[in-house]
Amino acid sequence: MKKYLYPLILLAFLALLPLVVESNYFLHLMILFLLWVVIGSSWNILAGYTGQVSFGHAAFFGVGAYTAGLLFQHLQISPWWGMALGGVVAFLIGLPFGAICFPLRGAYFALASLALGEGIRHITTIAEGFTGGMMGIMIMPTFTSKVPYYYIALGLAIFSVASIQAIINSKPGYYFVSIREDQDAAASLGINTTLYKNVSLAISAFWTGMAGALYMNYMGFIDPHVVFSLHDYSVMAILVAIVGGVGTIYGPTVGAFIMVAFQEIFRTGFFGLFEYLGKATGSSIFTTLSGAIHQAHVLGFGILVIVVILYLPNGVVGDWEKIKRNVFRINPAG
Amino acid sequence: MAHFRVEKLVKKFGGLTAVNDVTFDVEKGEIFGLIGPNGSGKTTTFNMISGVYPPTSGKVIYRDREIQGMKSHRICHLGVGRTFQVVKPLGRMTVLDNVIAAAFSRVNTMTEARGAALRTLEFCGLSPVREVLAKSLPIAGRKRLEIARAMATRPELLLLDETAAGLNPTELVEAIELIRKIRENGTTIIIIEHIMHVIMTISDRIHAINFGQTIAEGTPMEVAANQAVIEAYLGTDYA
């Protein structure tokens with residue numbers, strides 16, 4: 001029971017949050033956080049558990065978003081149906097891709113995934129007649145309030161994390177980790193390595209596609225450069241998992257929280273602290289600094305990742321014992 | 001028809017012929033030794049049997065079925081298990097999880113796999129270290145884990161590739177005991193071994209190869225007295 005205590009407390013807290021918090025800004029950040037829980041966890045099942053690093057998860061995210069958007073634009077199908085289909089289409093994109101790459105070992109999958117993401121971005125940009133090209137797709141959001149979106153995102157996050165946890169603790173999960181640890185040994189134990197790598201990719205692509213479709217519904221506007229962005233999605237998915245803890249169930253959740261908070265702190269210049277200081281003291285240094293910080297968030301990510309890799313190579317969750325020992329001075333041995 | 005047979009097996013890597021026209025039969029319940037100096041093609045033969053790569057030509061026949069060229073995981077499901085000479089523990093998994101992963105080749109639920117894995121660990125004497133990470137096991141433990149993992153796939157034919165190498169005298173005795181116990185369980189064994197004491201004590205028959213070619217086959221006594229075998233191991237000066 002103790003194992004589920006922290007997740008349950010977190011769930012109760014997240015479920016009750018909109019009753020207490022009315023700030024739209026804050027709810028928006030929480031929705032982003034929940035989307036990143038889904039994307040980070042999806043990336044993690046493929047890369048963290050199965051050992052197949054993907055540099056192209058934006059492909060699945062974007063395809064999910066475009067599925068919802070295009071169904072609405074061309075067939076006037078509610079984008080909520082599109083959400084159900086977004087995951088399926090991402091899964092279908094993943095199938096041939098995995099079938100081509102997974103018989104190979106090593107860096108091929110990682111390289112090909114990078115090409116997949118960038119390739120699909122160019123295709124959506126060029127196929128203007130179908131996708132609207134750089135004009136993007138705009139739909140009217142169903143709800144004006146952010147609360148319904150918040151709960152849908154929360155549901156999606158819970159379903160994805162819970163399903164991934166269930167898979168990891170059963171036969172496919174053991175097979176994924178075996179493949180990560182040693183493919184030859186895995187094959188000698190009766191594991192069809194190509195098949196199970198594809199299964200892992202399919203699960204990963206499905207949930208990422210769902211997140212993309214929800215993004216379309218929520219934001220109401222997408223274009224190829226937004227949803228197929230290499231650094232905003234493909235790389236960010238990797239950072240979320242690395243910071244939180246690769247190959248741990250709750251790592252990406254923690255990572256998503258840290259990364260969204262971190263991004264927001266930089267974007268707003270420490271929530272307007274420097275701007276305020278600049279006005280209060282009349283000194284131009286703070287105003288300049290405030291501007292510089294807006295620009296510096298990529299640098300900040302870089303430094304954060306270096307710090308994590310140096311001091312917490314298994315991420316915040318993976319190295320939690322180490323953090324307890326060294327930061328909070330809790331020593332279980334007494 | 002023999003339980004297991006390799007027929008005119010050949011493997012060429014570019015210009016190098018690693019295994020050249022090797023043929024042998026293994027009867028059910030037998031411990032069959034495969035010996036030869038370093039680089040003579042023993043592990044290459046195992047790799048062809050277990051599907052790591054297909055033979056250039058020749059057949060591998062197991063229970064009246066040609067299995068050459070099949071994928072490793074299919075051969076495992078047919079009942080051929082193997083260990084690796086260079087041990088391949090699933091490092092960041094516990095010993096128990098290593099064996100559970102293997103047990104899943106025969107069952108689908110966690111409860112069954114865990115039960116089977118615990119029994120296999122008990123059988124192989126690894127129960128005390130089951131919660132240890134595989135990468136932190138010493139060499140004797142890793143060799144034993146190789147055997148336990150292969151056993152958890154419930155093989156009828158087990159290929160043991162130098163499972164006694166690197167063990168101290170006490171561990172050697174334990175390893176021989178374990179191999180005998182596996183045979184008493186009804187598993188047929190083909191074993192590659194460099195330690196003559198081990199191979200001579202436990203094998204029913206031995207097949208000797210050198211430079212990929214068969215040089216002798218027979219009982220341990222016959223093979224040990226064979227001129228070609230002595231030459232291969234000690235050089236012509238001592239033969």
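Two residues are taken to be in contact if their C-beta atoms, placed from the backbone, lie within 7 Å. The model is a predicted one, in which local features need pLDDT of at least 70 and side-chain atom pairs count only at pLDDT 80 or more, whereas totals for chains, interfaces and linings use all residues. Residues are numbered from 1 along each chain as its sequence is written, and chains are lettered from A, with ligands numbered from 1, in the order in which they are written.

Helix 3 of chain B (residues 95-103; helices being DSSP runs of H or I of at least four residues, and strands runs of E of at least two, numbered from the N terminus) has 9 of its 9 residues buried (20 or more other C-beta atoms within 10 Å of the residue's own), so this helix is largely enclosed by the rest of the structure. The cover over these buried residues includes helix 8 (171-181) of chain A, together with helix 4 (110-124) and helix 5 (139-152) of chain B.

One of the buried residues of helix 3 of chain B is B:Val99, which is also listed, with A:Leu35, A:Val38, A:Ala211 and A:Leu214, among the residues with the most contacts inside the largest nonpolar core, a set of 157 residues (buried Ala, Val, Leu, Ile, Met, Phe, Trp, Tyr and Cys joined through C-beta atoms within 7 Å). Helix 2 (residues 24-49) of chain A contributes the largest share of this core, 14 residues. Leaving aside neighbours within four places in sequence, A:Leu35 is in contact with A:Ala153, A:Ala211, A:Leu214 and A:Tyr215.

Note on methods:
A residue is buried if 20 or more other C-beta atoms lie within 10 Å of its own, exposed if 12 or fewer, and partly exposed in between; C-beta atoms are placed from the backbone.
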